[in-house]
Amino acid sequence: MSKKLNLAIVGATGVVGSMMRDLIAEERDNWGEIRLIASARSAGKQLNVGDETIEVQAISPEAFEGIDIAHFDLPDEVSAEWVPVAAEKGAIVIDKSAYFRMVDDVPLVAPEANPEAVRERPRNIIANANCTTLTLVPAIAALHREYGLESMSVSSYQAASGSGKAGLEALYDQVNATTPANGIGTRPDDVRAQLGEEYNEPFGAPLAWNVVPKVGGWKDGGWTSEELKVRNESRKILSLPNLKVASTCVRVPVAVGHAQAVHATFGQDVSADDARALLEKAPGVTVVDDPSTSQFPTSIDVAGKRGIVVGRIRQSLDFPNSLEFFVIGDNLLKGAALNSIEIADLVRKELTE
Ligand SMILES: NC(=O)c1ccc[n+]([C@@H]2O[C@H](COP(=O)([O-])OP(=O)(O)OC[C@H]3O[C@@H](n4cnc5c(N)ncnc54)[C@H](OP(=O)(O)O)[C@@H]3O)[C@@H](O)[C@H]2O)c1
């Protein structure tokens, strides 16, 4: 076997970067040097990858010298600037920001759906889809392969950590600032008064004791950026450019785990039992679905799990060829770090085996 490839985790101090360090520690023997990169604010910090302590380097062109694969876990605008620099230095970049996902000559990959796309990377860049799309794709791709997906309507229930370290900290701060008050959960004016206006950040409204129907920035027609990502990224990953998608993305006061209620219509009839049997065998999917014993997935049960979990599978009563189901995935694992680890493994095997 040829030499082991060198890896960089760029954004190693963030919530996704931290998950990346944990996952890479589990497969440490597959890789050569591991380099940790973040902003100049974090330079010199000592972080662990398993038992190994590694000093964080400030991002710079030189930081990418000798790196074969670079996992980018940075805000969109920072990725926009630095991904081309790393690619120019010869690294194959796996980028989790939204910046390159819809670019024509950048593959957008979920290995359960389109693993072959990693080989088409003329710019040395592979994009990782957004967390909501990724926690749906393993299930919807398996159903699509068998029954031919024609349309889907998705309502999400998304965790605070989808907004990174700042989002997670804001939820903890808000819950800690409000929990002791009597009746706080039922009196919204009290929540706003106690939290103050600054607690509209970063979600656009207080998240403690609340459900917030806005994820991402505003776009034309009253859509949010997250809702358009679900539509556009699903179409690209599934190679269904005309797939009909309706999506409403909602933030809920959950730390980790994006849930989605899905109504999907196929080109042929599909029973709940057949769909359940198919999903039980689908890669990356676990089924937890038994009304007789009240078994269904919840976000806290799925947080920390590698695959996505599907439950509440029902044949639609009023819509032909349609299913209703509920799916949850850890937004930091399958929704981010795990998917890019899986992409890196495909590239590693291509380059070294
Ligand atoms: N959170 C999720 O569920 C999720 C899921 C899918 C995709 N993503 C995407 O993954 C990326 C990272 O998200 P996150 O949630 O991990 O965010 P985060 O917790 O806020 O971490 C951001 C990281 O970016 C680094 N950074 C910020 N500005 C920088 C600069 N100018 N130069 C170099 N490094 C800089 C930070 O380093 P410092 O600590 O030094 O500031 C930190 O390591 C984003 O593109 C996000 O959209 C996130």
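Contact here means heavy atoms within 4.5 Å. The model is predicted. By that criterion, Gln260 touches Thr132, Thr135, Leu136, Val154, Ser155, Ser156, Tyr157, Phe325, Phe326 and Val327, leaving out residues up to four places away in sequence. Gln260 belongs to strand S12, which runs over residues 258-266. Buried residues have under 20% relative accessible area. Gln260 has 0% relative accessibility, so it counts as buried. A polar atom of the Gln260 side chain lies 2.9 Å from the backbone oxygen of Thr132.

The largest nonpolar core comprises 60 residues. Phe72, Leu279 and Phe325 have the most contacts inside it. Helix H4 (residues 137-147) supplies the largest share of this core, seven residues. The core draws residues from both domain 1 (5-128 + 336-352) and domain 2 (134-158 + 215-331), so it lies between them. Another core, of 36 residues, lies apart from it. Met19, Met20, Ile69 and Val118 are among the residues of that second set.

Phe72 is in contact with Val10, Phe64, Ser79, Trp82, Val83, Ala86, Val93, Ile94, Asp95 and Lys96, leaving aside neighbours within four places in sequence. Helix H2 covers residues 76-88. Its buried residues are listed as Ser79, Trp82, Val83, Ala86 and Ala87. They pack against strand S6 (69-72), strand S7 (92-95) and strand S9 (125-128). At 1.5 Å a residue, the 13 residues of H2 should span 18 Å; the end C-alpha atoms are 18 Å apart, which agrees. H2 nevertheless carries a kink of about 30 degrees at Trp82. The kink falls shortly before the proline Pro84. Gly90 follows H2 and has a positive phi, near 105 degrees.

Several loop residues have notable backbone geometry. Most residues other than glycine have a negative phi, and most peptide bonds are trans. The peptide bond from Glu201 to Pro202 is cis, with omega near 0 degrees. Pro202 sits in the loop between helix H6 (188-195) and helix H7 (225-237). Ser239 has a positive phi, near 55 degrees. This serine is found in the loop between H7 and strand S11 (244-248). Exposed residues have over 50% relative accessible area. Ser239 reaches 58% relative accessibility and therefore counts as exposed. Phi of Ser294 is also positive, near 55 degrees. Ser294 lies in the loop between strand S13 (285-287) and helix H9 (299-302).

How values were computed
Residues numbered from 1 in each chain as written. Predicted model: local features only at pLDDT ≥ 70, side-chain atom pairs only at ≥ 80, totals over all residues. Heavy atoms only, no water. Core = buried A, V, L, I, M, F, W, Y, C linked by side-chain atoms within 4.5 Å. Buried < 20%, exposed > 50% of the residue type's maximum accessible area, 1.4 Å probe, protein only. Helix = DSSP H or I, 4+ residues; strand = E, 2+ residues; numbered from the N terminus. Domains from an automatic or database assignment. Expected span 1.5 Å × (residues − 1). Bend = angle between axes of the 7 residues up to and from the residue. Polar contact = N/O pair within 3.5 Å; in protein donor to acceptor, adjacent residues only side chain to side chain.
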